[in-house]
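Colleague: I would like a close look at a single part of this model. Please take the surroundings of one ligand and go through them step by step.

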Amino acid sequence: MAGRIPLFLLACGSFNPITHQHMRLFELARDQMHQTGLYRVVGGIVSPVSDGYGKQGLVASKHRLTMARLALHSSDWVTVDDWESQQSDWTETVVTMRYHYGRIAAQYQQRTGLSKYPPTENSGEPVLKLLCGADVMETFKVSGLWRDDHIEEVVGRFGLVCVSRGTRQLDRTVHESDVLSRHRQNIFLVREWAQNEISATEVRRALRRGNSVKYLLPDSVIDYIKENNLYTQDSEMKNKEIKLRPLTKQTILQD
Ligand SMILES: Nc1ncnc2c1ncn2[C@@H]1O[C@H](COP(=O)(O)OP(=O)(O)OP(=O)(O)O)[C@@H](O)[C@H]1O
Ligand SMILES: NC(=O)c1ccc[n+]([C@@H]2O[C@H](COP(=O)(O)O)[C@@H](O)[C@H]2O)c1
C-alpha cells in the first residue's frame, strides 16, 4: 500500500449505546476504501455527541464513552475520542471534523516538518473523511438541520464514506442533491451486504423491556449497562420535554 493516501475515518453519533453494527461500519468502510486503490486507512475515530445534543433517551456521555471504549478494546485501529462529548453544548459535525483534522495535520507536521492543504497524492499527508450511515446522509436534505456551507465543507473539503442502511437508496440521495452530486468523486458509497435492522433505538427498547441483547453488543458493554442500570423506562424519558433546542435533529423534526 506504499504511495497511497493515509486516511482517517471519523464517525460521529450518539452511540447510545455503541453496537456491533457501529463497529462493523469501520471494517466495511476500510475494505471499500482499500479497494479504491487510492487510500490506506490508518485510523478510525468514534466521537460520541455531548450531553448537550439533547436527544431523547441520551444517557450521560461518561457512560457512552466508557461503553465505546470497552467495545473497541480489541480494535488495533479504531479509537474513541472524548473531545466532542466533553463540549458543554452540541458541536456541529464540521466543527468536530476541523478539530480532528487539525490534530492529525499537526501530528504529521511535527513528524515530517511538512504541511500542505489540500494534501496531494503521494505527499504522504493524511486526509480525514466522515464515516456515516445512509440515514445521516439523508438528513442533509432536512431543511434547517445542516448549514449549506457545512455540507459543502463536509463533502467538498473532507469527504464522505457512507454505508447503506435498510432500504435507503444511496445513489438516489446523491443524485437528488446538487451539492452531493457536485462532489460525487469525494463520496464513497459502501454496501452492507449483510442487511439488518440493528439500531441503538431497538437495543434500548429491548433493554428496557428486559429482553436479551446478547450478540448485538459486546458482553463487556452488556455487563456495564447492567452494573450501572442504564436504559430503563426513566432514562428513555430524558430530554423528552425539550422542544426548543435550536438546530437539533429532535427539534427540527418536531417542527
Ligand atoms: N445499522 C446501521 N447501518 C448503517 N449505519 C449505521 C447503522 N447503525 C448506526 N449507523 C451509523 O452510525 C453512526 C452513529 O449512529 P447513532 O449513534 O446515531 O446510531 P443509531 O443506531 O442511528 O442511533 P439511534 O437509534 O439512537 O438514533 C451514524 O452515522 C449512523 O448512520
Ligand atoms: N448540522 C450538523 O452538523 C448536524 C445536524 C444533525 C446531526 N448531526 C450529527 O449527526 C449525528 C447523528 O446522530 P443521531 O442519529 O444519533 O442523532 C450526530 O453526531 C450529530 O451531531 C450534525
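Which of the 19 residues around ligand 1 come nearest?

Modeller: This is a predicted model, and the answer should be read with that in mind. Of the 19 residues around ligand 1, the nearest are Gly13, Cys132, Gly133, Ala200 and Thr201. Several elements each supply at least two residues of this shell: strand E1 (5-13), helix H1 (20-35), strand E4 (127-133), helix H4 (134-139) and helix H8 (200-208). Helix H1 gives the largest share, 3 residues. Sorted by class, the shell around ligand 1 has 8 nonpolar, 8 polar and 3 charged residues.

The shell around ligand 2 can be set beside it. There, 14 residues surround the ligand, and Cys12, Ser14, Glu92, Thr93 and Trp146 come nearest. Two or more residues of that shell come from each of strand E1, helix H3 (93-112) and helix H4. E1 and H4 therefore appear in both lists, as each also supplies at least two residues around ligand 1. By class, the shell around ligand 2 holds 6 nonpolar, 5 polar and 3 charged residues.

One helix pair can be added to the picture. Helix H2 (residues 61-71) packs with helix H9 (residues 219-227) at an angle of about 155°, and their axes are 8 Å apart. Because angles over 145 degrees count as roughly antiparallel, H2 is roughly antiparallel to H9. Their crossing is right-handed. H2 makes the contact through Thr66, Met67, Leu70 and Ala71, and H9 through Ser220, Val221 and Tyr224. This contact has 5 nonpolar, 2 polar and no charged residues.

Technical notes: Residues are numbered from 1 along each chain as its sequence is written. Chains are lettered from A and ligands numbered from 1 in the order in which they are written. This is a predicted model: local features need pLDDT of at least 70, side-chain atom pairs count only at pLDDT 80 or more; totals for chains, interfaces and linings use all residues. A residue is near a molecule or strand if its C-beta atom, placed from the backbone, lies within 6 Å of it. Helices (H or I, at least four residues) and strands (E, at least two) are DSSP runs, numbered from the N terminus. Ala, Val, Leu, Ile, Met, Phe, Trp, Tyr, Cys and Pro count as nonpolar, Asp, Glu, Lys and Arg as charged, and the others, Gly among them, as polar. Axes are lines fitted to C-alpha atoms, for helices over the stretch in contact, and angles run from 0 to 180 degrees between N-to-C directions. Angles under 35 degrees count as roughly parallel, over 145 as roughly antiparallel, 65 to 115 as roughly perpendicular and the rest as oblique. A crossing is left-handed if the near helix is turned anticlockwise from the far one by less than a right angle, and right-handed if clockwise. Two residues are in contact if their C-beta atoms, placed from the backbone, lie within 7 Å.
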